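Ready for a few warm-up exercises? Take a look at the structure below, then work through each task before reading its solution.

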Amino acid sequence: MSTITLVLGRLWETSGFHMITSDWRQLVMILLACVLLYMGVVKKYEPLLLVGIAFGMLLTNIPGADMYHPELWDEYIAGTITFTEIIHNGGLLDILYIGVKSGLYPSLIFLGVGAMTDFGPLIANPKSMLLGAAAQFGIFAAFMLAIVIGFPANVAASIGIVGGADGPTAIWLTSMLAPEFLAPIAIAAYSYMALIPMIQPPIMRLLTTEEERKIKMEQLRPVTKAQKILFPIIVTIFVCMLLPSVAPLLGCLMLGNLTKESGVTDRLSDTAQNALMNMVTIFLSMSVGATARYDRFLTLRTIEIIVLGLIAFEFATIGGLIIGKIMCKLSGGKINPLIGSAGVSAVPMAAKVAQNEGQKANPSNFLLMHAMGPNVAGVIGSAVAAGLLLALFG
């Protein structure tokens, strides 16, 4: 009987149920992970990423699992150990996180995004690039606010990038500049992207008149196949020569698009859009969730980051709408300013929101393709903004 008692006692002492009593914050994080799983599975808020992030958060906070070790990454950042030592001494999530820290996963996600993106509306109406650029105002507004409340410049840059409404870009930049805040920044980015239909419409109605929302725009001109093929090549050369730090993201984005538009690499385009995209999404989301360790996530800074992320997103929407209104005036009322709100890079959700608001004001309005121009321009704009911030503070 004493042997059985000893074995059972040992089993209890090594179980997570016993170890969780040592710090209540672990239980809080497990409950929070379950809430995020509910949001992803039941409410369908960005489920492809939020489910993985939430499950990674769940795994990393199970006592005794030892799947992720932030202290190892502290040593790596300090330069005292290498990736090789992390592979030998780390857990499963440490090894998967290497793909985040090296920038591999976000770049491969951009490869898939490029293969799924049609830059035709942007090529047909190059002026929409201005709206995509204007929406990046949210990035720099949040950056300045973060500096004011005491965040270091590198962390402020990572917080600001949430305003671009581009999850992979936020993860890429944060993993380079402020990896200790990766979890709250990524969760804020994807949460606000999922809530676009709730966040943007009140701002759109506040900043535009009903007459402006009723404006019908002329059909876009046709875009030739040659133009679609040349576009990713020219953009890569020009932007990456101007800002080499953005080459990993932008280069993969444009390569993915070229495989789609060239017409000779359909198999590669299909792989990038489907098999590769799905596999990398699993690894990326679990890795990001793993960084949400109870001892580093449950802080006042996390709350500040989430609030600043919302401010960044709102200012991004405001910036696009203001430039949209200016372009409306300059064009003599030919441009519906609602399409400016699609300058954030949440493709195609932001464009659909602009379309819906336009149809509420005028049922015969069809703004979707016009809004897709600023929308895909926002993808390029957020990548460029991230490259600029990395060059300045990396």
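**Exercise 1: an unusual loop residue**

Task: work out whether D66 is buried or exposed, and what its phi is.

Solution. Start with the surface: D66 counts as exposed because its relative accessibility is 51%, and exposed means over 50%, buried under 20%, and partly exposed in between (1.4 Å probe, protein chains only). Next, find its place: D66 sits in the loop between α4 and α5 (70–78). Helices here are DSSP runs of H or I with at least four residues, strands are runs of E with at least two, and both are numbered from the N terminus. Last, the backbone: D66 is not a glycine, yet its phi is positive, about 50°.

Before going on, a word on the model: it is predicted, so local features need pLDDT of at least 70 and side-chain atom pairs count only at pLDDT 80 or more, while totals for chains, interfaces and linings use all residues. Residues are numbered from 1 along each chain as its sequence is written, and side-chain values use heavy atoms, with hydrogens and water left out.

**Exercise 2: more backbone oddities**

Task: find where E46 lies and which peptide bond is cis.

Solution. Step one: E46 lies in the loop between α3 (24–41) and α4 (47–60). Its phi is near 45°, a positive value in a residue other than glycine. Step two: the bond from V347 to P348 is the cis one, with omega near -10°. P348 belongs to the loop between α22 (300–330) and α23 (349–361). For background, most residues other than glycine have a negative phi, and most peptide bonds are trans.

**Exercise 3: two helix residues**

Task: decide for L130 and T174 whether each is buried or exposed, and list what they touch.

Solution. Take L130 first, in helix α10 (residues 128–134). L130 counts as exposed because its relative accessibility is 52%. Leaving out residues up to four places away in sequence, L130 touches I323 and M327; a contact means heavy atoms within 4.5 Å. L130 and M29 are 101 residues apart in sequence, and their C-alpha atoms are 42 Å apart in space.

Now T174, found in helix α13 (residues 167–177). T174 is buried, since its relative accessible area is 0%. With residues up to four places away again not counted, T174 touches S158, P179, F181, L182 and I185.

**Exercise 4: the core**

Task: say which residues have the most contacts inside the largest nonpolar core.

Solution. A nonpolar core is a set of buried Ala, Val, Leu, Ile, Met, Phe, Trp, Tyr and Cys residues joined through side-chain atoms within 4.5 Å. The largest one has 116 residues, and F119 and L250 have the most contacts inside it. Helix α24 (residues 368–393) gives the largest share of this core, 11 residues. As for L250, its partners are V235, V239, C240 and I380, not counting residues up to four places away in sequence.

**Exercise 5: the whole protein**

Task: say how many helices and strands there are, and what share of residues is buried.

Solution. Count the elements: 24 helices and zero strands. Then the burial: buried residues make up 53% of the 394 residues. Finally, the contacts: of those with a separation of 6 or more, 77% join residues 24 or more positions apart.
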